[in-house]
Amino acid sequence: MDELKRKLDPSVFNIGRSQVGKHNWVQLGKQVSRKVQHVKDKVKNLLLQIQEGMELDESSLNSLKTRSLIESKEWKGYSVKKGPNYAPKRKKFATDLTRENLQTWKELQFKEYNFNAKGQPLDAGHLHPLLKVRKQLKDIFRQMGFEEMPTNNFVESSFWNFDALFQPQQHPARDSHDTFFLKAPSTTRELPEDYVERVKQVHESGGYGSRGYNYDWKREEANKNLLRTHTTAVSSRMLYALAKKPFTPKKYFSIDRVFRNEAVDRTHLAEFHQIEGLVCDRGLTLGDLIGVLHDFFSRLGMSKLRFKPAYNPYTEPSMEIFGYHEGLGKWVEVGNSGMFRPEMLLPMGLPEDVRVIAWGVSLERPTMILYGIDNIRDLFGHKVDLDLIKRNAICRIGIE
Amino acid sequence: MPTISIGRDRLFAALGESYTQEEFEDLCFRFGIELDDVTTEKAIIRKEKHIDEEADEDEEIIYKIEIPANRYDLLCLEGLAQALRVFNKKQEIPTYILADISKDKMLQMKVKPETSEIRPFVVCAVLRGVSFDEARYNSFIDLQDKLHQNICRRRTLVAIGTHDLDTLQGPFTYEALPPTDINFVPLKQTKSFRADELMEFYKSDMKLKKFLHIIENSPVFPVLYDSKRTVLSLPPIINGAHSAITLQTKNVFIECTATDLTKAKTVLNTMVTTFSEYCERKFEIEPVEVTYDDGKSYICPDLAVYDTEVSLSYITDSIRVSLEVEQVTSLLTRMQLHAEPAKSSDNQYAIKVHVPPSRSDVLHPCDVMEDVAIAYGFNNLPTRSPASIKPLPLNELTDLLRIEIAMNVYSEVVTWLICSRKENFAMLNREDDNSAVIIANPRSADFEAMRRTLMPGILKTIGSNKDHPKPIKIYEISDVAMLDESKDVGASNRRHLAALHCGATSGFELIHGLVDRIMEVMAIPFVPVNDNTGYYIKLSQEPEFLPGRQASIVVRGKQIGNFGIVHPQVLNNFDIPDPCSFVEIDVEALL
């Protein structure tokens, strides 16, 4: 045995030893002696058969596999036939018509386009939704024959903002918690003195048919500058200027920013846009006001209106305007209106039979309703999401 | 609109005064005609023959005057000069009358029935004792041409034939015969032609070939004869040579054949009213009697005056000038309309107008009212404008600019007017120059002041949209406020435009490009530095921008804005993580 070990390779010796024992060909011991005369090398035969490409039974294959004498390899074969789209040249699908392939359009085959996906998002410029609504309202006013008032003056004196409108100096609106008063410029530099005198008179003791408020009117109060709380301040300036000339009827409007020193919440801001319309003519009545309001609001899509008596310091009668909102299925307050008091118009010098009817609405409210915005702070200001500005529809108010 | 060419000097002589060209144009303007062109006879010929020659010193100046299409009476110098003389009160309105002769002394025109197949109507008249010179003769021919072109509709409706009466013998006949039966020597020819041969002959005549179609396919051609069978004319083609008018002609026979009798009468009236001023007995026209086979007959010309009554209030209400009846009648007289006061049926003031035969254009009181207005002077009439609305230029410009900026792929924002004092100055690296409006009772620092520029609002918008995909391009066109001693309240608004680009790169050239685009849409040209006729850019030193990457925009010598890369310190103050470029312009300076 030892001699055999020495003469043979160790791997050969090991395999040989187990195989001869298995087949009982040799008597194993110190001396190795033959037991059979002939040995058939079955394994060699099998391997030769495999080499020649013959098939073998599973158990033989397994035993050969176990001994790592063969390796199983997967062999894939394909049967190829000419299909219906067979072409001698390789066909590419076009995804687009291009300058390069335009002339060969007849031979082009287009890849199916996915119409279920959206198109390419575009680079575009955008207008702000609030200002889109403003433009539509401006057009509505112009179609109704109203002329725009110049409102580019945010700083106003209390005189034009309150006193000229017959709003008394002790009125709560003039308190600092509702109005932004100014430190610089703190007081107005000049006022039309003769007109101021007439306004002082009508506040203190009346006249023009009124018994007045009966209080001490203070010039210092009137002089105080503020950020205008309504664009009616501009309207009073315009009416005063109108009174200085031979009278012609006028229809004015404005849409611009006003300021309230109020707490900011979901529907209230310190600054917002007021829409104001006024008609100045001889012999106007509440009926005229209602008529103009019907015209105006029907253009905004609201044709059912109701009017509730209300109070404004400078209009009498005053009406709160309610419109029926078809979408919400209820009546909602849509604005405020009234006829300016004689104590406001007569000291200006307007003829006695001249009446002024006016109304005001906010710009933000219809914009929020139109664009489905819930919180006013999402509508304008620097915290607005730019996405909102980029994906809002054209405003069709006044068109249908 | 028809144009007539008349010699200037002849015209001024007829008007009785000379005018400078400007003065004459003014007269035309007030009357309602237009001096279209000033040229010379020879220049016209040169133009026709395409000759390039210098003008002679003494070439006769020709005025080409445009005449309204309904004023046949103005289509020749005689008619126009008379109208202007009457307008200028230099002449009374002539009264045209028929010569007082009995029917049996009148010339006769007998119409044969066959004419109804081709050209049914004829009217005639005689001008006695006229004296022609070359100019008058040419004018006479020109008027016929103008009438043929206009009211006669290129001779299809009416054709005029004028003849030397002394070469003819009445009575005349107006017949329609087969062309082969008509034979005569036509004008400008020496040999005689048969009518059908004449048609062929004229096929190559530039002037006459366009009239051939009017009769060429008819079995009978219209033709006028005198009692000796001399052909007066083959209307509407050509007159006979025998009766051609010369400068020596003393008595003129005019015949107008037509398919429209009303127009024929108007044409004849125009001929006789304009040229009867040359008759021995001025404005007197000798009538002719036209008789038909069926016994129907009429005397022509029909110089009947059209009488109409117009209420004074109709005139004064229409022109909104309160005039007395006498004023109206004297104005109408200047327009060749005889007028006299009358009282209408309901006792209102009225004017009775006698419209002469030369004014076939007057159909309705409105024609009378127009003439009153012309004589009064259109430019003297009082005006009344309907109510109309004027826009506010600053607001209109703002809206137009907003759209332009959006078209440059910028998104619009609307930011707060109220801000903190820091945001106005310190956070922008600026010194507080106390020019801002300060609020006395702010609830918090956020309500301390009014923005002095649009910059803080724009930067705060970027700061609040950090996650928005870049590049971010936003803009705002709105008011800022500042102290202003010239205003009654001591402060004023100013309209500003601001735009910002924020991205991986600052976009400085893009903001610069936007500035150029704004100037382009405002039609402000780019000019060299210090040129005050447009805009230029020059390096600036503002603290809110990066040094070396900022500039002022100077328009027509005034600085109206700045642009630049926003200073990193400023970006930091507003918590903006990416570079930005910014521009702010005073829009009111662009107005």
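Where is Glu23(B) found? In this predicted model, Glu23(B) turns up in helix H2 of chain B. With a relative accessible area of 43%, Glu23(B) is partly exposed, because it falls between the 20% and 50% marks. Glu23(B) also has company: together with Glu22(B), Glu25(B), Glu34(B), Asp36(B) and Asp37(B), it forms a negative patch on the surface. Two elements of chain B give two or more residues each to this negative patch, namely helix H2 (21–31) and strand S2 (34–40).

Chain A brings a patch of the positive kind. Here Lys22(A), Lys40(A), Lys42(A) and Arg67(A) gather on the surface in a patch of positive charge. One of them, Lys40(A), sits in the loop that runs between strand S2 (33–34) and helix H3 (42–51) of chain A. Lys40(A) has a relative accessible area of 64%, so it counts as exposed.

Next come the charges that do find partners. Side chains of opposite charge can pair when their charged atoms come close. Over all chains, the count comes to 50 salt bridges. One of these joins the side chains of Arg142(A) and Glu396(B), with 3.0 Å from N to O. This pair crosses between chains, going from helix H5 (residues 129–143) of chain A, where Arg142(A) lies, to helix H11 (residues 393–407) of chain B, which holds Glu396(B). How exposed are the two partners? Arg142(A) is partly exposed, since its relative accessible area is 32%. Glu396(B) also counts as partly exposed, because its relative accessibility is 21% and the cut-off for buried is under 20%.

Within chain B, the side chains of Glu412(B) and Arg402(B) meet in another salt bridge, at 2.6 Å from N to O. Glu412(B) belongs to strand S21 (residues 411–412) and Arg402(B) to helix H11, and the two residues are 10 apart along the chain. Both Glu412(B) and Arg402(B) are buried.

These two bridges don't stand alone. Arg142(A), Glu396(B), Arg402(B) and Glu412(B) are among the residues linked in a network of salt bridges. Chain A also supplies Arg134(A), Lys135(A), Lys138(A), Asp139(A) and Glu148(A) to this network, and Asp399(B) takes part from chain B.

Chain A has a salt bridge of its own between the side chains of Lys250(A) and Glu147(A), at 3.4 Å from N to O. This one ties together distant parts of the chain: Lys250(A) is in strand S7 (residues 250–259), Glu147(A) is in strand S3 (residues 147–148), and 103 residues separate them. Lys250(A) has a relative accessible area of 23%, so it is partly exposed. Glu147(A), on the other hand, counts as buried because its relative accessibility is 17%.

Finally, what surrounds Val587(B), leaving aside its neighbours within four places in sequence? Val587(B) is located in the segment that follows strand S30 (580–586) of chain B. With 0% relative accessibility, Val587(B) is buried, since the cut-off is under 20%. Its contacts, sequence neighbours aside, include the leucines Leu394(B), Leu397(B), Leu401(B) and Leu497(B). Val587(B) is also in contact with Ile477(B), Arg495(B) and His496(B). As for Ser478(B), its C-alpha atom is separated from that of Val587(B) by 9.2 Å, although the two residues are 109 apart along the chain.

Methods
Residues are numbered from 1 along each chain as its sequence is written. Chains are lettered from A and ligands numbered from 1 in the order in which they are written. This is a predicted model: local features need pLDDT of at least 70, side-chain atom pairs count only at pLDDT 80 or more; totals for chains, interfaces and linings use all residues. Side-chain values use heavy atoms; hydrogens and water are left out. Helices (H or I, at least four residues) and strands (E, at least two) are DSSP runs, numbered from the N terminus. Buried means under 20% relative accessible area, exposed over 50%, partly exposed in between (1.4 Å probe, protein chains only). Contact means heavy atoms within 4.5 Å. Patches are made of residues with over 30% relative accessible area and no salt bridge: like charges are joined within 9 Å, nonpolar side chains (Val, Leu, Ile, Met, Phe, Trp, Tyr) within 5 Å. Accessible areas come from the Shrake-Rupley method with a 1.4 Å probe; for residues, only the protein chains shown count as cover. A salt bridge is a side-chain nitrogen of Lys or Arg within 4 Å of a carboxyl oxygen of Asp or Glu. Lys and Arg count as positive and Asp and Glu as negative; His and the chain ends are not counted. The place of a charge is taken as NZ of Lys, CZ of Arg, CG of Asp or CD of Glu.
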